[in-house]
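I opened my notebook to get to know a structure I had not met before. Come along and read over my shoulder.

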Amino acid sequence: YEEWVVEQLQNAKITHHDETGITIGAERVWLHSTSNGQYTHYYPHKNRGKKAMDDIGIIGNHEGIMIHGGWPAYYSYEGKVHALCNAHHLRELSGAEEEGQTWAGSMITLLLSTNEDVNKAGGELTAEGQERARKKYRRILRAGEEECPLPPPPKEKKRGRIPKTKVRNLLERLRDNEDDVLRFMTDKDVPFTNNQAERDIRMAKLQQKISGCFRSWEGAYIFSRIRGYLSTSEKHNVTSAEALNLLFNGEFPEFMTEIV
């Protein structure tokens, strides 16, 4: 099953990605989730970044669109198409607005209204609608540049980057990744948020809340494989009881018939 689901996700047009901290023994590590509306795959790893993603083996062989929260490791893969989670942006923009950044409130309004327009249009804006949204988007960011300029250079030259505020980092991320932020309006298969990944990883968070940790790496791998199988089965309208019954009888669910 695990080999099969990895192949399905590698060939999928859309994949959602997330990672959450888990504890194995006394060690704090990461559980990586790759999923979409049909498939779910989990993998525990000591690393959060590209080393883990390389070992999992899905992203490097995926030619579709990756939806995620903006973790820089995803951008370390060249030639990939990305879409950023706007639920994350709305939360950060709300915080910026509370700090008095008026451009942030304007951006919240634009993102929500554009998503509403996309839904009314059946999932994708016309070329004219996209251009209008982009012009407003850039105008708001120009206002943000005035409200939240770069910090002045230090009087004494120091090595490394000049520290920036969270608001400034958000502004630059929205500016530099315009296509990824707005991909939901240009491709009807790309959702506004990365909520699919967050829903799929919720069970792992619940497991940690109840059990506190995994006692061994083997146990974490077993949990990940079984939970991924049950999640994928549920997405194909196969109950957990039925999926486990098939498993114990050495049979595949119908949605896996292509490997039987």
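Below are my entries, grouped by topic.

**Entry 1: before starting.** I reminded myself that this is a predicted model.

**Entry 2: the sheet.** I began with the strands and asked in what order they stand in the sheet. I found an open sheet of 5 strands, ordered S3-S2-S1-S4-S5, and its pairing is mixed. Next I looked at the edges, where I found strand S3 (40-45) and strand S5 (81-84). Each of these two has a single partner strand, so one side of each is left without a neighbour in the sheet. I also looked up the twist: on average, neighbouring strands of this sheet are turned by 30 degrees against each other, direction ignored. A note to myself on the background: strands of a sheet pair through backbone hydrogen bonds, in either a parallel or an antiparallel way.

**Entry 3: strand S1 and its partners.** Which sense of pairing does S1 have with S4, parallel or antiparallel? Strand S1 (residues 14-24) pairs with strand S4 (residues 65-68) in the parallel sense, over 3 bridges. I picked out Thr-15, whose bridge partner in S4 is Met-66. With S2, the pairing of S1 is antiparallel and runs over 9 bridges. Here I noted that His-16 stands opposite Ser-35 in S2. S1 and S2 form a hairpin with 2 residues between them. In that turn, Gly-25 has a positive phi of about 65 degrees.

**Entry 4: how covered is S1?** I checked burial along the strand and found 11 of its 11 residues buried, so I wrote S1 down as mostly covered. Ile-14, His-16, Asp-18, Thr-20, Ile-22 and Ile-24 point one way from S1. Thr-15, His-17, Glu-19, Gly-21 and Thr-23 point the other way, and the residues of both groups are all buried.

**Entry 5: helices on the sheet.** I then followed helix H8 (residues 195-211), which lies across S1, strand S2 (27-35) and S3. H8 runs at about 15 degrees to S1. Helix H9 (residues 217-235) also packs on the sheet, where it touches S1, S2 and S3. The direction of H9 makes about 165 degrees with that of S3.

**Entry 6: helix H6.** Which residues of helix H6 (residues 166-176) are buried? I listed Val-167, Arg-168, Leu-170, Leu-171, Glu-172 and Leu-174. Their cover includes helix H3 (86-98), helix H4 (102-120), helix H5 (127-147) and helix H7 (178-181).

**Entry 7: Gln-10.** I found Gln-10 in helix H1 (residues 2-10). Gln-10 has 19% relative accessibility and buried means under 20%, so Gln-10 counts as buried. A polar atom of the Gln-10 side chain lies 2.8 Å from the backbone oxygen of Gly-57. Setting aside neighbours within four places in sequence, I saw Gln-10 in contact with Gly-57, Ile-58, Asn-61, His-62 and Glu-63.

**Entry 8: cysteines.** How many disulfides does the structure hold? I wrote down 0. I looked at two cysteines anyway: Cys-85 counts as buried, at 1% relative accessibility, while Cys-213 is partly exposed, with a relative accessible area of 27%.

**Entry 9: Asn-237.** My last stop was Asn-237, in the loop between H9 and helix H10 (240-248). Its phi is near 60 degrees, a positive value in a residue other than glycine. Is Asn-237 buried or exposed? Asn-237 has a relative accessible area of 72%, so I noted it as exposed.

Definitions and conventions. Residues numbered from 1 in each chain as written. Predicted model: local features only at pLDDT ≥ 70, side-chain atom pairs only at ≥ 80, totals over all residues. Heavy atoms only, no water. Helix = DSSP H or I, 4+ residues; strand = E, 2+ residues; numbered from the N terminus. Buried < 20%, exposed > 50% of the residue type's maximum accessible area, 1.4 Å probe, protein only. Polar contact = N/O pair within 3.5 Å; in protein donor to acceptor, adjacent residues only side chain to side chain. Contact = heavy atoms within 4.5 Å. Pairing = 2+ DSSP bridges. Axes fitted to C-alpha atoms, helices over the stretch in contact; angles between N-to-C directions. Disulfide = S-S within 2.5 Å.
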